[in-house]
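Colleague: Could you walk me through one helix of this model in detail, and then show me how the surroundings are put together? I would love the cut-offs along the way.

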Amino acid sequence: ISDGGGDAIEPRLGAYGGRRLVAALKGVGSDASKAEALAPALRWCLARGEGDAAELAVEIIETFTVDYAKSKAATSGESASESWRVFTSALVAPSPAPARVAAVCRATPDFVDSLPAARRGELLRILFTAVGSDADAGARAAVRDAIDALKLLADDVISLVRAAAAAAATTTVASPSTKRSKGSAAAGRDADGSDAVAVAVAALEVVGWKSSGDVHSRADLAGPCQELLASLLDAAAAARDSSRGAEVGRDSDDEDVAPSPGGGAASGYSQAVVLSTLDMLARDAMGPDSAPFNKTPGKRQKGSNAGYDVRLIVRAVTEAEAGPAREAALALLAAVAKNDAVGVMEHVLEVSAALAHRASNATDDPLAQRALEQALAAVVPAWIEGGFGVKAAAEQVVNALPDAPEHRRAPLCLALLRACPEGEGLPVVLLLLLGQLRKLEEAA
């Protein structure tokens, strides 16, 4: 390799000759040493990005073996850092697609497990992001296959989730002004924590489609995910407040700073993924060998079933963006209620208010209606189990019916009856409906 006395580094043999030479050296000498020596040539190939250069890049990438990964645990210095930087740059665009696929194929379970913690985390961060965002279908498929083969640790994801929570929280504390110029759009995207949140969401998506056995200590994600959920709800509330402020006296050329429905750190999609992850974790804890989240008021068990914040979940039911996020919040409330009657009873007023709010704002979306009915089917028995009584539990729902759309009242009553103990619900609900008759007629 020659630098020609300048900054540009070019192989003396040319790309084709270099490819043949690297191929001839397979199995000869130390792959770790060869990877470090060939790093400048790999960088040059990635910059060229086509033809023989791309093929040479693929040949060089194959020197990044498990032996190379193990050497990183005991090696430091500029040469080792440079070879690693070049390797990670091969994983992402503008690296040519064949080089990206070749680099991803290096990320075998043995390779990833041999890396030091910091470099393992960096590599997984790249893979989590690329599985859904790489522009090349072949590269995306290679990334998914690589992730499928890996055994993940909860800590691999927790660090990303906590970084996202901190980024979203920082956005809430240092909220942008109510006016933003068009030229500052890119800066705003970085400032609102979107990048950190996007990486965490990508990681949680991976956790969602991998089996529980492929993510060691998956239940440990519950606490960090709730931290992220709180930060997202805070950021969404700050964006709404900022948007309302911007409406007052703004010029026609001003931009509304509230995030669009599909974007921003606190987008509905981000909320939905976090809530769905928590729902999955809560349902994991309801397995045949699990114990209730709470055994006595005010006490939480230690372990995988501990630490579900009912107040936060109720807040999500009320504040999460309409659509999948709100449905996921209701599903999470149902999952927690089935195994945490004490926790639901401790916050009975908040829970009943949230369900009443959702009932009064019921839409024609069948998924949203189904999610509300499932939440009722779980929460009402939890109230009864907690000593609330059938009448008191049913009253929380019936009192909200006058505010609900007329065509949604019957399905809500049916869901309530199904949630009550057999033979006890019907007379109680009928008496309560008679008591609400005038209000129901006036609301019709």
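What follows is a close look at one helix, then at the core and a few other spots.

Modeller: Happy to! First, the ground rules: this is a predicted model, so local features need pLDDT of at least 70 and side-chain atom pairs count only at pLDDT 80 or more, while totals for chains, interfaces and linings use all residues. Residues are numbered from 1 along each chain as its sequence is written, and side-chain values use heavy atoms, with hydrogens and water left out.

The protein has 23 helices and two strands; helices (H or I, at least four residues) and strands (E, at least two) are DSSP runs, numbered from the N terminus. Of its 444 residues, 46% count as buried. Buried here means under 20% relative accessible area, exposed over 50%, and partly exposed in between, with a 1.4 Å probe and protein chains only.

Let us zoom in on helix α12, residues 194-209. The helix has 16 residues and reaches 23 Å from its first C-alpha to its last, close to the 22 Å expected at 1.5 Å a residue. That expected span is 1.5 Å times one less than the number of residues. The buried residues in α12 include Ser-194, Val-197, Val-199, Ala-200 and Val-201, and Ala-202, Ala-203, Leu-204, Val-206 and Val-207 are buried too.

Glu-205 also sits in α12, but this residue is partly exposed, with a relative accessible area of 30%. Not counting residues up to four places away in sequence, Glu-205 touches Tyr-269 and Val-273, where contact means heavy atoms within 4.5 Å. Glu-205 and Val-274 are 69 residues apart in sequence, yet their C-alpha atoms are 8.9 Å apart in space.

Now for a helix that packs against α12. The axes of α8 (residues 117-133) and α12 come within 8 Å and cross at roughly 80°. That crossing makes α8 roughly perpendicular to α12. Axes are lines fitted to C-alpha atoms, for helices over the stretch in contact, and angles run from 0 to 180 degrees between N-to-C directions. Angles under 35 degrees count as roughly parallel, over 145 as roughly antiparallel, 65 to 115 as roughly perpendicular and the rest as oblique. On the α8 side, Arg-125, Phe-128, Thr-129 and Val-131 meet Val-199, Ala-202, Ala-203, Val-206 and Trp-209 of α12. The residues of this contact divide into seven nonpolar, one polar and one charged. Here Ala, Val, Leu, Ile, Met, Phe, Trp, Tyr, Cys and Pro count as nonpolar, Asp, Glu, Lys and Arg as charged, and the others, Gly among them, as polar.

Phe-128 leads us on to the largest nonpolar core. This core has 129 residues, and those with the most contacts inside it are Leu-123, Leu-127, Phe-128, Val-351, Leu-355 and Trp-383. Helix α16 (residues 324-339) gives the most to this core, with 10 residues. A nonpolar core is a set of buried Ala, Val, Leu, Ile, Met, Phe, Trp, Tyr and Cys residues joined through side-chain atoms within 4.5 Å.

Leaving aside neighbours within four places in sequence, Val-351 is in contact with Val-310, Val-314, Leu-333, Val-344, Val-379 and Trp-383. Leu-333 is found in α16 and counts as buried at 2% relative accessibility. With the same kind of neighbours set aside (within four places), Leu-333 is in contact with Ile-313, Val-317, Val-351, Leu-355 and Val-379. The C-alpha atoms of Leu-333 and Val-379, 46 residues apart along the chain, are separated by 7.8 Å.

Helix α21 (residues 406-419) holds Leu-412, and Leu-412 counts as buried at 1% relative accessibility. Beyond four places in sequence, Leu-412 is in contact with Ala-359, Gln-369, Leu-372, Leu-376, Leu-401 and Ala-404. Arg-408 is found in α21 as well and is buried, with a relative accessible area of 14%. Arg-408 and Ala-359 are 49 residues apart in sequence and 8.3 Å apart in space, C-alpha to C-alpha.

Across the protein, residues 24 or more positions apart account for 74% of the contacts with a separation of 6 or more.

Finally, two backbone details for your checks. The peptide bond from Ala-93 to Pro-94 is cis, with omega near 15°, and Pro-94 lies in the loop between α5 (78-90) and α6 (97-106). Ser-217 has phi near 60°, a positive value in a residue other than glycine.
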